Amino acid sequence: MKKSKSESLTECAVTPRLELIGNTKCIIDGLKSIIEYTKGKIRVNVGKYNVTITGDDLYINSFTCEGASVEGTIIEIGFEGNA
């Protein structure tokens with residue numbers, strides 16, 4: 001069954017989205033909260049999942065109610081279910 005345009009737009013608005021640019025920038029849309037923030041690890045809540053970004057000299061370059069931009073040397077991105 002094909003989704004209507006309005007259903008697709010609603011799903012897009014609530015579905016988290018990560019965009020990785022090389023290994024130095026990760027844009028996170030759909031951010032709910034920041035759980036952990038150190039130079040080596042940034043962990044965020046994106047609703048159903050927690051996303052962990054591990055690396056060196058990590059920092060949040062920009063932060064809005066819709067998302068954040070994480071920069072630094074990204075080594076690993078992990079996902080875990082959010083209870």
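These exercises, each with a worked solution, cover the fold, the strands, the core, the salt bridges and a few single residues.

This is a predicted model, in which local features need pLDDT of at least 70, side-chain atom pairs count only at pLDDT 80 or more, and totals for chains, interfaces and linings use all residues. Residues are numbered from 1 along each chain as its sequence is written, and side-chain values use heavy atoms, with hydrogens and water left out.

**Exercise 1. The overall fold**

Task: State which pattern of helix and strands the protein chain follows, and how much of the chain is buried.

Solution:
- Start with the elements. The protein chain has one helix and six strands. Both kinds are DSSP runs numbered from the N terminus: helices are H or I with at least four residues, strands are E with at least two.
- Read along the sequence. The pattern is α-β-β-β-β-β-β.
- Turn to burial. Of the 83 residues in the protein chain, 25% are buried. Buried means under 20% relative accessible area, exposed over 50%, and partly exposed in between (1.4 Å probe, protein chains only).
- Add the surface. The accessible surface comes to about 5600 Å², and 55% of this belongs to carbon and sulfur atoms. The areas come from the Shrake-Rupley method with a 1.4 Å probe; for residues, only the protein chains shown count as cover.

**Exercise 2. Strand β2 and its partners**

Task: Find which strands pair with β2, and sort the side chains of β2 by face.

Solution:
- Take β1 with β2. The two pair in the antiparallel sense over five bridges. Strands pair if DSSP finds at least two bridges between them.
- Fix the register. Leucine 20 stands opposite cysteine 26 in β2.
- Look at the hairpin. Three residues lie between β1 and β2, and glycine 22 takes a positive phi near 60 degrees.
- Take β6 (residues 67–81). It also pairs with β2 in the antiparallel sense, over five bridges. Isoleucine 27 stands opposite serine 69 in β6.
- Sort the faces of β2 (residues 25–29). Cys26 and Ile28 point to one face and are buried. Lys25, Ile27 and Asp29 point to the other and are not.

**Exercise 3. The nonpolar core**

Task: Say how many residues the largest nonpolar core has, and which element gives the largest share.

Solution:
- Set the rule. A nonpolar core is a set of buried Ala, Val, Leu, Ile, Met, Phe, Trp, Tyr and Cys residues joined through side-chain atoms within 4.5 Å.
- Count. The largest such core has 13 residues. Those with the most contacts inside it are Ile28, Ile42, Val44, Ile53, Leu58 and Val70.
- Assign the elements. β2, β4, β5 and β6 each give two or more residues to this core. The largest share, four residues, comes from β5.
- Check one member. Leaving aside neighbours within four places in sequence, isoleucine 28 is in contact with residues including Val44, Ile53 and Val70. Contact means heavy atoms within 4.5 Å.
- Put this in context. In soluble globular proteins, nonpolar side chains tend to be buried together.

**Exercise 4. Salt bridges**

Task: Work out which parts of the chain the Lys25 and Arg43 salt bridges tie together.

Solution:
- Apply the rule: a side-chain nitrogen of Lys or Arg within 4 Å of a carboxyl oxygen of Asp or Glu. The count comes to four salt bridges.
- Take lysine 25. It bridges to glutamate 71, with the closest N and O atoms 4.0 Å apart. Lysine 25 lies in β2 and glutamate 71 in β6, so the pair ties together parts 46 residues apart in sequence.
- Check exposure. Lysine 25 is partly exposed at 27%, whereas glutamate 71 is buried at 16%.
- Take arginine 43. It bridges to glutamate 80, with the closest N and O atoms 3.0 Å apart. Arginine 43 lies in β4 and glutamate 80 in β6, so this pair ties together parts 37 residues apart in sequence.
- Check exposure again. Arginine 43 is partly exposed at 23%, and glutamate 80 is partly exposed at 33%.
- Finish with the network. Salt bridges that share partners join Arg17, Glu19 and Asp29.

**Exercise 5. Two residues to place**

Task: Decide whether asparagine 45 and aspartate 57 are buried or exposed.

Solution:
- Locate asparagine 45. It is in strand β4 (residues 41–45). Its relative accessible area is 16%, so it is buried.
- List its contacts. Beyond four places in sequence, asparagine 45 touches seven residues, among them Gly30, Asn50 and Asn82.
- Locate aspartate 57. It is in strand β5 (residues 49–63). Its relative accessible area is 54%, so it is exposed.
- Note the backbone. Phi of aspartate 57 is near 50 degrees, a positive value in a residue other than glycine.
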